[in-house]
Amino acid sequence: MSHRQHNELKNTNPLLGDRWPTGGTTRSGVPGWLSGSTDKLTSTYDLVEQMYYLYVRVVKAKDLLSNPITMNCDPYIEVKLGNYRGTTRHFDKKTNPEWNQVFAFSKERIQSSLLEIFVKDKEMVGRDDYLGKVVFDLNEVPTRVPPDSPLAPQWYRLEDRRGEGKVRGEVMLAVWVGTQADEAFPEAWHSDAASVHGEGVVNIRSKVYVSPKLWYLRVNVIEAQDVQPNVRGRAPEVFVKAQVGNQVLKTKICQTATLNPLWNEDLIFVAAEPFEEQLALTVEDRVSPRKDDVLGRASLPLTLFEKRLDHRPVVHSRWFDLEKFGIGILEGETRRELRFSSRIHLRVCLEGAYHVMDESTMYISDQQPTARQLWKPPVGILEVGILGANELLPMKMREGRGATDAYCVAKYGQKWIRTRTMVGTFAPTWNEQYTWDVFDPSTVITIGVFDNCHLGSS
């Protein structure tokens, strides 16, 4: 493919606004929703292709039988459909557990017409042992059509291993066919991400969130005392380097060669709530054009500093001790000399009285005033359907091969969205739809595709 062809627009011909499937069966006995037959128009998600899922909501269980050996029950549930198995978390010593977890099996990955739900005990010896099961024929699973309310869960009696007699205990379930427009979609365990476990599951889900409140962190570097150069007998050329996250700023070199340098310079950073980052300060000596010696450092939590929402001129200054760089390897007389440490004089505050500019003024998504009472009504609604991507590059190695776990982020004004992560594919298909209120037609939306670094790589 030539470079010119590669950058041309491609017509993907997606089936936008697809119809809802019927609940009937085909000649082969496979449910109609699997065969793609349609008869009813959908009322939502009209900018993206409909993606069909079998949803299983596992709510709770009751009256489960205790293990005769341990005299306890550590229950969990396994949902099995063909080669795909999803499990809930387990509870210790509980015969009436509550899970309220949702599982979603995409149409493309369904290899069976039977859905099996097993109630298991973590302490049972045999891997295939279970307390009881419930089996659903996919031909009988109802279809939920929005704006209908979610399907109410029901109690089901557990069957034994052969599916004949009833055993003690019941489980509350809801099983239905839906699409990605379903409310359960963002929170569900997905069969196409079956390899993701634990905390990784939270990091691959789609979500809508408000951009964090931003503050200006104003650091007035006033002076330092008892700054000792590493090489005795030379006058230090001292400056201060400050870092918050990825933002790094420096003062000028003090014009006077002294052990008590004076700067009185303002360094301004942008900090986001909650203030989890620290203000990292180093006092450094310009030994040569290519070498700076660190003479002392301090790490200060941003929660130390007062917030200012008005224009009060007075913010009290404070002295902070500097940790001598490399103090861990110093011994004997040298360590005793450092008891009287250097210190730095700062005036620091978090300013929230101003609108923090986090975007280029030429390409900005929010031109509203900071004060809410000055906002005008929206001029319209922006609807965005995020279909997919292709020809993505491998971003990490997994099992000796290049891999990418892609998700899409779109931000407009205060509202940001993140699609769910498509695991292990260079051509993800998200088919998710979102809306934003628009207050100014001359603003922009920013869309980016990222690799999920929370998922393991070798």
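**Exercise A.** Identify the residues that line the second largest cavity, then sort them by element and by class.

*Solution.* Start with the lining: A188, W189, H190, A193, V196, V201 and I204 surround the second largest cavity. A cavity is a set of points on a 1 Å grid over the protein atoms alone where a 1.4 Å probe fits but cannot get out, and lining residues have an atom within 4 Å of a point. Next, the elements: β11 (189-190) and α3 (200-204) each give two or more residues to this lining. Both are DSSP runs numbered from the N terminus (helices: H or I, at least four residues; strands: E, at least two). Now the classes: 6 residues are nonpolar, 1 is polar and none is charged. Last, the volume: about 30 Å³, taken as the space filled by probe spheres set on the points, with points joined across faces, edges and corners.

The model is predicted; local features need pLDDT of at least 70, side-chain atom pairs count only at pLDDT 80 or more, and totals for chains, interfaces and linings use all residues. Residues are numbered from 1 along each chain as its sequence is written, and side-chain values use heavy atoms, without hydrogens and water.

**Exercise B.** How many cavities of 30 Å³ or more does the structure hold, and which residues line the largest?

*Solution.* The count is 2. The largest cavity encloses about 40 Å³. P186, A188, H190, I204, R205 and R420 form its lining. Split by class, that gives 3 nonpolar, 1 polar and 2 charged residues. Compare the two lists: A188, H190 and I204 appear in both linings.

**Exercise C.** Where does the model have pLDDT below 50?

*Solution.* Take the whole chain first: the mean pLDDT (the predictor's confidence in each residue, from 0 to 100) is 84, and 84% of residues reach 70 or more. One stretch below 50 is 37-43, which has 22 contacts (heavy atoms within 4.5 Å) beyond near neighbours in sequence. Another is 327-339, with 8 such contacts.

**Exercise D.** Lay out the open sheet that contains β12, and explain why its edge strands each have a free side.

*Solution.* Write the order: β12-β26-β25-β28, 4 strands with antiparallel pairing. Strands pair if DSSP finds at least two bridges between them. Go to the edges: β12 (207-210) and β28 (446-451) have a single partner strand each, so one side of each lacks a neighbour in the sheet. The twist averages 20° from one strand to the next. Zoom in: β25 (residues 406-412) and β28 share 6 bridges. Here C408 faces V449 of β28.

**Exercise E.** Repeat the analysis for the open sheet with β14 and β17.

*Solution.* Its 4 strands run in the order β15-β14-β17-β18, again antiparallel. The edge strands are β15 (247-250) and β18 (291-301); each has a single partner, so one side of each is left without a neighbour in the sheet. Neighbouring strands are turned by 20° against each other on average, direction ignored. β14 (residues 238-244) and β17 (residues 278-288) are joined by 6 bridges. Q243 has A280 in β17 as its bridge partner.

**Exercise F.** Which peptide bond is cis, and which non-glycine residue has a positive phi?

*Solution.* Recall the rule: most residues other than glycine have a negative phi, and most peptide bonds are trans. The bond from E273 to P274 is cis, with omega near -10°. P274 sits in the loop between β16 (262-272) and β17. D226 has a positive phi of about 55°. D226 lies in the loop between β13 (214-225) and β14.

Methods. Axes fitted to C-alpha atoms, helices over the stretch in contact; angles between N-to-C directions. 1 Å grid on protein atoms, 1.4 Å probe; cavity = no way out; pocket = protein on both sides within 12 Å on 5 of 7 lines; lining within 4 Å. Nonpolar A, V, L, I, M, F, W, Y, C, P; charged D, E, K, R; others polar.
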